[in-house]
Amino acid sequence: MSASTQPIRGFVTITPGVTDFPVGRLFRANCTVAGDVVCRMFDGTTETITLVTGYSAFPYAVRGVTVAGTTATATYANGK
(Lines give C-alpha, C1' and ligand atoms only; values in the text may rest on other atoms or scores of the structure.)
Protein backbone atom coordinates (compact mmCIF):
# COMPACT_ATOMS: atom_id res chain seq x y z
CA MET A 1 0.00 0.00 0.00
CA SER A 2 1.48 3.37 -0.97
CA ALA A 3 1.91 6.11 1.63
CA SER A 4 -0.70 8.26 -0.09
CA THR A 5 -3.44 5.68 0.49
CA GLN A 6 -2.66 4.94 4.12
CA PRO A 7 -4.53 6.77 6.88
CA ILE A 8 -2.96 9.63 8.84
CA ARG A 9 -1.58 8.01 12.00
CA GLY A 10 -1.04 11.12 14.10
CA PHE A 11 0.11 14.72 14.05
CA VAL A 12 3.29 16.64 14.83
CA THR A 13 2.54 20.08 16.29
CA ILE A 14 4.25 22.99 14.53
CA THR A 15 5.34 25.92 16.69
CA PRO A 16 5.56 29.15 14.65
CA GLY A 17 9.09 30.48 14.42
CA VAL A 18 10.77 27.14 15.20
CA THR A 19 12.63 25.68 12.23
CA ASP A 20 12.45 22.34 10.47
CA PHE A 21 9.60 20.20 11.69
CA PRO A 22 9.15 16.73 10.16
CA VAL A 23 7.26 17.04 6.88
CA GLY A 24 3.96 15.18 6.84
CA ARG A 25 1.40 14.16 4.27
CA LEU A 26 -0.82 17.11 5.08
CA PHE A 27 -0.75 20.45 6.89
CA ARG A 28 -3.61 21.28 9.22
CA ALA A 29 -4.66 24.46 10.98
CA ASN A 30 -7.28 24.96 13.67
CA CYS A 31 -7.93 28.68 13.35
CA THR A 32 -9.59 30.85 16.02
CA VAL A 33 -8.89 34.25 14.37
CA ALA A 34 -8.91 34.43 10.57
CA GLY A 35 -5.85 35.73 8.74
CA ASP A 36 -2.78 34.64 6.81
CA VAL A 37 -0.27 31.95 7.67
CA VAL A 38 3.15 31.93 6.01
CA CYS A 39 4.39 28.36 5.56
CA ARG A 40 7.97 27.32 4.85
CA MET A 41 7.63 24.51 2.33
CA PHE A 42 9.73 21.35 1.93
CA ASP A 43 11.77 22.90 -0.90
CA GLY A 44 12.58 26.04 1.14
CA THR A 45 10.12 28.39 -0.56
CA THR A 46 7.33 30.13 1.33
CA GLU A 47 3.61 30.03 0.65
CA THR A 48 1.00 32.34 2.18
CA ILE A 49 -2.34 30.69 2.92
CA THR A 50 -5.41 32.65 3.99
CA LEU A 51 -7.28 30.86 6.78
CA VAL A 52 -10.86 31.24 7.92
CA THR A 53 -12.07 30.38 11.40
CA GLY A 54 -12.29 26.62 11.93
CA TYR A 55 -10.38 23.52 10.87
CA SER A 56 -8.53 23.43 7.54
CA ALA A 57 -6.29 20.77 5.98
CA PHE A 58 -4.03 21.14 2.95
CA PRO A 59 -2.01 18.51 1.02
CA TYR A 60 1.21 20.50 1.53
CA ALA A 61 4.69 19.43 2.66
CA VAL A 62 5.31 22.13 5.29
CA ARG A 63 8.58 22.41 7.26
CA GLY A 64 7.50 25.31 9.44
CA VAL A 65 5.39 28.42 10.00
CA THR A 66 7.10 31.81 9.98
CA VAL A 67 6.13 34.49 12.50
CA ALA A 68 6.73 37.36 10.06
CA GLY A 69 3.64 37.79 7.91
CA THR A 70 1.47 35.34 9.85
CA THR A 71 -1.65 37.13 11.10
CA ALA A 72 -3.95 34.17 11.80
CA THR A 73 -4.31 32.83 15.33
CA ALA A 74 -4.26 29.06 15.05
CA THR A 75 -2.62 25.83 16.08
CA TYR A 76 -0.71 24.06 13.31
CA ALA A 77 0.36 20.46 12.71
CA ASN A 78 1.66 18.05 10.09
CA GLY A 79 -0.10 14.73 9.59
CA LYS A 80 2.18 11.71 9.68
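**Entry 1: burial and the aromatic pairs**

I count a residue as buried when its relative accessible area is under 20%, as exposed when it is over 50%, and as partly exposed in between. With that cut-off in hand I looked up Phe27 in this predicted model, and at a relative accessible area of 0% Phe27 is buried.

I then searched the whole structure for aromatic pairs and noted 2 of them. In one, Phe27 and Tyr76 are stacked, with 5.9 Å from centre to centre and 10° between the planes. Since Phe27 belongs to strand β2 (residues 26-33) and Tyr76 to strand β7 (residues 73-79), this pair ties together parts that are 49 residues apart in sequence. Tyr76 has 3% relative accessibility and therefore counts as buried.

The rings of Phe58 and Tyr60 also form a stacked pair, because their centres are 5.6 Å apart and their planes stand at 10°. How do these two residues compare with the burial cut-off? I found Phe58 buried, with a relative accessible area of 18%, whereas Tyr60, at 31%, is partly exposed.

**Entry 2: strands that pair with β2**

I went on to the strand that holds Phe27, and asked myself which strands pair with β2. β2 and β7 run antiparallel and pair over 7 bridges, and along this pairing Leu26 stands opposite Gly79 in β7. With β5 the pairing of β2 is again antiparallel, over 5 bridges, and here I noted Cys31 opposite Gly54 of β5.

In β5, which covers residues 54-58, I picked out Ser56. Is Ser56 buried or exposed? Its relative accessibility is 15%, so I entered Ser56 as buried. When I set aside neighbours within four places in sequence, the contacts of Ser56 were Phe27, Arg28, Ala29 and Leu51.

Arg28, one of those contacts, has a further feature that I wrote down: Arg28 lies over the face of Phe11, at 3.9 Å from the ring centre.

**Entry 3: the open sheet**

Next I traced an open sheet of 3 strands, which are ordered β4-β3-β6 and pair in the antiparallel sense. Its edge strands are β4 (46-51) and β6 (62-66), each of which pairs on one side only. From one strand to the next, I read an average twist of 35°.

Between β3 (residues 35-41) and β4 I found antiparallel pairing over 6 bridges. Within β4, Ile49 is the bridge partner of Val37. Leaving aside neighbours within four places in sequence, I listed Glu47, Thr48, Ile49, Leu51, Val65, Thr70 and Tyr76 as the residues in contact with Val37.

**Entry 4: the nonpolar core**

Last, I turned to the core, bearing in mind that in soluble globular proteins nonpolar side chains tend to be buried together. Which residues of the largest nonpolar core touch the most other members? This core has 15 residues, and I noted Ile14, Phe27, Val37, Cys39, Ile49, Leu51 and Tyr76 as those that touch the most other members. At least two core residues come from each of β2, β3, β4 and β6.

Several of these names return from my earlier entries. Phe27 and Tyr76 are the partners of a stacked pair, Val37 and Ile49 are bridge partners, and Leu51 is among the contacts of both Ser56 and Val37.

Key:
Residues are numbered from 1 along each chain as its sequence is written. This is a predicted model: local features need pLDDT of at least 70, side-chain atom pairs count only at pLDDT 80 or more; totals for chains, interfaces and linings use all residues. Side-chain values use heavy atoms; hydrogens and water are left out. Helices (H or I, at least four residues) and strands (E, at least two) are DSSP runs, numbered from the N terminus. Buried means under 20% relative accessible area, exposed over 50%, partly exposed in between (1.4 Å probe, protein chains only). Contact means heavy atoms within 4.5 Å. Two strands pair if DSSP finds at least two bridges between them. Axes are lines fitted to C-alpha atoms, for helices over the stretch in contact, and angles run from 0 to 180 degrees between N-to-C directions. Rings of Phe, Tyr and Trp (its six-membered ring) pair if their centres lie within 6.5 Å; planes under 30 degrees apart count as stacked, over 60 as edge-to-face and the rest as tilted. A charge sits over a ring if NZ of Lys or CZ of Arg is within 6 Å of the ring centre and within 35 degrees of the ring normal. A nonpolar core is a set of buried Ala, Val, Leu, Ile, Met, Phe, Trp, Tyr and Cys residues joined through side-chain atoms within 4.5 Å.
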